[in-house]
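Trainee: May I ask for a close look at a single part of this model? I should like a connected account, with the criteria behind each term.

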Amino acid sequence: MQPIPEVVVLACTQAVPQPAALRQALQQVGLSGRIIQEPCSSKVESFHLLRILAQGADLVWVVGCPEQYCQLAEGSTRMGFRVAHAQDYLTELGLEAERLGYSRVAAGNPEDLAATVAEIQQRLRKLPPNPARPRQTV
Amino acid sequence: MIVGQRKSLQELQAMLSGYKKILLAGCDTCVAESACGGRRETAELAAALKLAFQMANQDVELQETSVDRQCIQEFLVDVVAAAQGYDAVLSLACGAGVQALVARLATIPVFPALNTMFLGETAERGVWLENCRGCGDCQLGYTGGICPISRCAKRLLNGPCGGASNGLCEINMARVYDPPVPCAWEQICHRLQDLGELERLYSVKPSMDWSKAGAGGPRRVVRPDQRL
């Protein structure tokens, strides 16, 4: 039996006002996901993303607002930079940079959320299990 | 401010090979400003090394700590205390901070996580420029506040070499610099012209006394009034 892919989603509360709905949407396509709410996607630091991967997640995803709607003006833009910075570490380590990703969702917009779930599902299909998973959790 | 750059994960992993409990010690002043050794970067490096060790199936315990300045005894004591019980310390301070820690940890090896680069200015977010070599004989008062020692590739003291093109130093022809390196002497001339002090350049400067720049051995500054 294949291990269930594990995705951790760090989501801005404005972009994803109902995290339970996102979790259900992930479950409906057969994914076990954990949703962590953030006051803004810019609250997510590069080291958070790396730490979550080190804990064994196969994929870490950040959801922010479209740049023009970010309440903190440039928070969503910064989030993109931080994901890219963490991806540089993965490349240096020889891990797939695609284990980190982000999308921008307009205040709970159902189409945007559905597109995010589809993208997460597609990424996880392509990725092998996280080779940096701690031994005891394999 | 001291500017550094992180060593590659591959080099760090090789240096730390064999140690099972490692303390990462950040330094939250200069190298935090140059985004390579502060709390945030210490957390990033710890997480990245954890991933690296796990990928290599190595059980290594990593812990993080950070102090304001590793080059000051009063701040450093916290790292010394935290390091007890660890096999090794990986310091994210500049070379001065690493050595200050080494002097206080007789039996625990200390490794540098950074390559210390230069004394510089944050020109813009993510761009640091070398503006001072600590030569011990500051010329800024004669050159309109623009340093020919650190900013002229040839360290000339009496005007430009003649190789500049469109305001840029000729070293830009050798490889791509981002941002391009301007001709420091063109900048000096323009600056002194703007200040109406171009005549400062009419007197010839004698050769530098490089013994003050470190050629005379390790340098010391001793202030009796501060030693009390």
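Mentor: The account that follows concerns chain A, taking its sheet, then the helices on that sheet, then the contact with chain B.

The model is predicted, so to speak of local features requires a pLDDT of at least 70, side-chain atom pairs count only at pLDDT 80 or more, totals for chains, interfaces and linings use all residues, and side-chain values rest on heavy atoms, without hydrogens or water. Residues are numbered from 1 along each chain as its sequence is written, while chains are lettered from A and ligands numbered from 1 in the order in which they are written.

In chain A, 4 strands (DSSP E runs of at least two residues, numbered from the N terminus) make up an open sheet with the order 2-1-3-4 and parallel pairing; pairing requires at least two DSSP bridges between two strands. Strand 2 (32-38) and strand 4 (100-104) of chain A are the edge strands, each pairing on one side only. On average, neighbouring strands of this sheet are turned by 20° against each other, with direction ignored. Within the sheet, strand 1 (residues 6-12) of chain A is joined to strand 2 of chain A by 7 bridges in the parallel sense. One position can be followed across this pair: A:Leu10 has A:Ile36, in strand 2 of chain A, opposite it.

Two helices (DSSP H or I runs of at least four residues) belong to this picture. Helix 3 (residues 75-93) of chain A lies across strand 3 (59-64) and strand 4 of chain A, and runs at about 165° to strand 4 of chain A. Helix 4 (residues 110-126) of chain A also packs on the sheet, where it touches strand 1, strand 3 and strand 4 of chain A. The direction of helix 4 makes about 160° with that of strand 3 of chain A. Such angles run from 0 to 180 degrees between N-to-C directions, along lines fitted to C-alpha atoms, for helices over the stretch in contact.

The contact (heavy atoms within 4.5 Å) between the chains takes 22 residues from chain A and 19 residues from chain B. Together the two chains bury about 1700 Å², of which 56% is on carbon and sulfur atoms; buried area is the accessible area (1.4 Å probe) lost on putting two parts together, summed over both. On the chain A side, A:Tyr89, A:Leu93 and A:Arg135 supply 33% of the area that chain A buries against chain B, more than any other three residues.
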